[in-house]
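The exercises below are meant to be worked through with the sequence and the model side by side. Try each task before reading its solution.

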Amino acid sequence: MTDDPAMLSAVELVDRYRAGSLSPVTVAEACLCRIEALNPGLNAFCLVDTEAALAAARDSAERWRRGAPRRVGDVIVDGVPTAIKDVVLTRGWPTLRGSRTIAPDQPWPDDAPAVARLRAAGAVLLGKTTTPELGWKGVTDSPLTGVTRNPWDRDRTPGGSSGGAAVAAATGMAALNIGSDGGGSIRIPASFTGVVGFKSSYGRVPAYPLSPFGTIAHIGPITRTVGDAAATLQVIAQPDPRDWTARTDPPEPFAATLDAGVDGLRVAFAPTLADFPVDDEVAALVGRAAAVFEALGAHVEETAPPLDGAGEIFAMHWTVGAATILADIPADRRAAMDPGFIAMAERGAATPLLDYTRAVGARGRLGVAMNLFHQTHDLLLMPTEPIAAFAAGHTVPPDGPYRGWQDWTPFTYPFNLTQQPALSVPCGLTATGLPVGLQIVGRLHDDALVLRAGRAYERAAPWPLPAVDG
């Protein structure tokens, strides 16, 4: 256990606030100092509001002094340092989405639902984290904010598109981080940076405005522990009338069953999908993690889920979503944009309507197939990614056979199509010291079980965090 205030989990911070041994102001100052020292080299934050953060921390300290911290059910995040990915609206702060095409000098009057819930719960909002332009790819670099780097090896990418959020979590810049995930954008950087990333079931976390990428896009937490992910989800999963696609029932208490373990659960283990090649070290570490589940009492069976054709279906949805965005950007402003995004959007614009409609139907069939798969399997284990982090500043590994980011992320986007809960937890380091992620997938709306499984693994196989300095 650490005594560094910036590296304590949200759960640990709340315990210390309650005991009076630590103040939210001290913790906010520690995180802001960490940002000042590390952000120039890592580029996790594109906006930091020191004045607002310290004011919120002082307000929280006063509530704790009175013994009246704010609560969401049994969960308290009052005074916990928090960061928001710069695709999520935050009142008073520009949401530029990594793009030079968005004017910063606007009123910015709205909080997205997740931000509104965290603000109301007393979380200390520090600033906004970096993203590729319009969140379009699986790494984090943009024409606006430049290249974001991995704290385990600064020559490598942290992944994306929530790369800044994952770096902030890994290095103690913020305990709680809000990301978005349209094809793996929470789980990819969680895997590459050795932190926890959770994409809950679609509709569990309301969004506003809805993503141009439609119902494959999710909002969720990136944290250092599964317990913190569960606490964050409890706060941000409250209903919001601005999202007509979201659930209207209050969330179940995710922490209530967090420590129930995995004994007796029926667990499928898929070392790969469709014979996609997996790096030998990744395969060995994920296989070892599956063995931990067996040692914990789960019934583990090696079997592949029915996800044939997911790549083509996802590409159709993703490129058409990009075309929708590009259509609203004036032609004379596109020269300032990421050429990769424009190329992808142009492919989407050329898609025949009938082909897109067929892809929507095929997506539905995938969802049904996974629902049936989970009739006999409570959980699915597999690699989050088939590789570890590669060189920063590249959309694909420069020495690999991949043409685009979707080619090296075949294990994440299928569960955006099916809308299932999927959690990435660290499961070890390669010989060169790079993190590898284990992905835990559950049946639709069984978010609590996925978190419970992640917690069981976390306790059985604790992981390190990177050694960082300025």
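**Exercise 1. A hairpin and its neighbours**

How many residues lie between strand 12 and strand 13 in the hairpin that they form, and which residue in the turn has a positive phi? Then describe how strand 12 is paired and covered.

*Solution.* Keep in mind throughout that this is a predicted model.

Step 1. Strand 12 and strand 13 form a hairpin in which 5 residues stand between the two strands, and the turn holds G433, whose phi is positive at about 80 degrees.

Step 2. Follow the pairing within the hairpin: strand 12 and strand 13 (residues 435-442) run antiparallel and are joined by 6 bridges, and one pair of bridge partners is A422 with V441 in strand 13.

Step 3. Now look for another partner of strand 12, and you will find strand 7 (residues 196-199), which runs antiparallel to strand 12 and is joined to it by 3 bridges; here F198 stands opposite L423 of strand 12.

Step 4. Finally, consider the cover: strand 12 spans residues 422-429, and 6 of its 8 residues are buried, so that the strand is mostly covered, where buried means under 20% relative accessible area.

**Exercise 2. From strand 13 to strand 9**

Find the strand that pairs with strand 13 over 5 bridges, and continue from there to a parallel pairing.

*Solution.*

Step 1. The strand that pairs with strand 13 over 5 bridges is strand 11, and the two pair in the antiparallel sense; I440 in strand 13 is the bridge partner of L381.

Step 2. On to the parallel pairing: strand 9 (residues 266-269) and strand 11 run parallel, with 3 bridges between them, and V267 stands opposite L379 in strand 11.

Step 3. Strand 11 itself covers residues 379-383, and 5 of its 5 residues are buried.

**Exercise 3. The buried face of a helix**

Which residues of helix 1 are buried, and why can they be said to line one face of the helix?

*Solution.*

Step 1. Helix 1 runs over residues 10-19, and its buried residues are A10, L13, V14, R16 and Y17.

Step 2. When helix 1 is viewed down its axis, these buried residues fall within an arc of 165 degrees, and therefore they line one face of the helix.

Step 3. Ask next what lies over them: the cover of the buried residues of helix 1 includes helix 2, helix 3 (50-65), strand 2 (81-85), strand 6 (176-181) and helix 7 (226-236).

Step 4. At the end of the helix, note that helix 1 is followed by G20, which has a positive phi near 80 degrees.

**Exercise 4. Three residues in helices**

Is T193 buried or exposed, and how do T26 and G311 count?

*Solution.*

Step 1. T193 lies in helix 6, which spans residues 187-193, and T193 is buried because its relative accessible area is 0%. Its side chain reaches the backbone oxygen of P189 at 2.7 Å. If neighbours within four places in sequence are left aside, the residues in contact with T193 are N150, P151, W152, P158, A166, V167, A170 and P435.

Step 2. T26 has its place in helix 2 (residues 24-42), and this residue counts as partly exposed because its relative accessibility is 37%. From T26 to Q106 there are 80 residues in sequence and 33 Å in space, taken C-alpha to C-alpha.

Step 3. G311 belongs to helix 9 (residues 310-327), and at 17% relative accessibility G311 counts as buried. Apart from neighbours within four places in sequence, G311 is in contact with Q406 and Y413. R100 is 211 residues from G311 along the chain, and their C-alpha atoms are separated by 30 Å.

**Exercise 5. The whole chain**

How many helices and strands does the protein chain have, and why is it described as being as compact as a globular protein of its length?

*Solution.*

Step 1. The chain has 13 helices and 13 strands. Its radius of gyration is 20 Å, which is close to the 23 Å that the globule rule gives for 470 residues, so the chain is as compact as a globular protein of that length.

Step 2. Along its principal axes the C-alpha trace spans about 60 × 60 × 45 Å.

Step 3. Of the 470 residues, 61% are buried. Among contacts with a separation of 6 or more, 76% come from residues 24 or more positions apart.

Step 4. For the surface, the chain exposes about 17300 Å², of which carbon and sulfur atoms supply 53%.

Key: Residues numbered from 1 in each chain as written. Predicted model: local features only at pLDDT ≥ 70, side-chain atom pairs only at ≥ 80, totals over all residues. Heavy atoms only, no water. Buried < 20%, exposed > 50% of the residue type's maximum accessible area, 1.4 Å probe, protein only. Helix = DSSP H or I, 4+ residues; strand = E, 2+ residues; numbered from the N terminus. Pairing = 2+ DSSP bridges. Polar contact = N/O pair within 3.5 Å; in protein donor to acceptor, adjacent residues only side chain to side chain. Contact = heavy atoms within 4.5 Å. Rg over C-alpha atoms; globule rule 2.2 N^0.38 Å. Areas by Shrake-Rupley, 256 points an atom, 1.4 Å probe, with all protein chains shown as cover. Arc of directions from axis to C-beta.
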